[in-house]
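Student: I'd like to practise reading a structure. Could you walk me through this one?

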Amino acid sequence: MSDDVYVQAYKSGGPAAVDALLRKQFPNPVDHVRALDDLEETGLWEVGDWHYSNRGGQKHRDSGRVLAYRGDEDEE
């Protein structure tokens with residue numbers, strides 16, 4: 001997953017803009033969580049505020065949000 005569009009969204013509107021883009025691209029909760037996980041795994045994004053639901057007797061994450069972009073930390 002290329003995160004260039006997410007960096008652009010972050011720079012133009014902060015974490016809320018990235019979240020809006022992700023929700024538009026990945027409206028299915030399972031896909032949305034997977035996309036957030038993929039961003040976080042790059043090490044450039046902080047993701048959290050997870051919401052959990054109980055489906056089939058098991059706890060599942062069904063939403064979260066981008067908290068920060070860490071890629072600019074070295075540039076400050």
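Student: How much area does the protein expose, and what share of it do carbon and sulfur atoms supply?

Tutor: Keep in mind that we're looking at a predicted model. For surface, look at the total area and then at which atoms supply it. Here the protein exposes about 4,900 Å², with 44% of that coming from carbon and sulfur atoms.

Student: And what fraction of the residues count as buried?

Tutor: Buried means under 20% relative accessible area. By that cut-off, 33% of the 76 residues are buried.

Student: What about the fold: which pattern does the protein follow along the sequence?

Tutor: Count the elements, then read their order. There are 2 helices and 2 strands, and the order is α-α-β-β. As for extent, the C-alpha trace spans about 45 × 20 × 20 Å along its principal axes. Sequence separation is worth a look too: among contacts with a separation of 6 or more, 44% are between residues 24 or more positions apart.

Student: How far apart are the mean positions of the positive and negative charges?

Tutor: You average each set and compare the two points. With 9 positive and 16 negative charges, those mean positions lie 9 Å apart.

Student: Let's zoom in on D37. Why does D37 count as buried?

Tutor: D37 sits in helix 2, residues 29-41. D37 counts as buried because its relative accessible area is 18%, and the cut-off is under 20%.

Student: Which residues does D37 touch, leaving out those up to four places away in sequence?

Tutor: W50 and R61. With R61 there's also a side-chain polar contact to D37, at 2.7 Å.

Notes
Residues are numbered from 1 along each chain as its sequence is written. This is a predicted model: local features need pLDDT of at least 70, side-chain atom pairs count only at pLDDT 80 or more; totals for chains, interfaces and linings use all residues. Side-chain values use heavy atoms; hydrogens and water are left out. Helices (H or I, at least four residues) and strands (E, at least two) are DSSP runs, numbered from the N terminus. Buried means under 20% relative accessible area, exposed over 50%, partly exposed in between (1.4 Å probe, protein chains only). Contact means heavy atoms within 4.5 Å. Accessible areas come from the Shrake-Rupley method with a 1.4 Å probe; for residues, only the protein chains shown count as cover. Lys and Arg count as positive and Asp and Glu as negative; His and the chain ends are not counted. The place of a charge is taken as NZ of Lys, CZ of Arg, CG of Asp or CD of Glu. A polar contact is a pair of N or O atoms within 3.5 Å; within protein, one must be able to donate a hydrogen and the other to accept it, and residues adjacent in sequence count only if both atoms are side-chain atoms.
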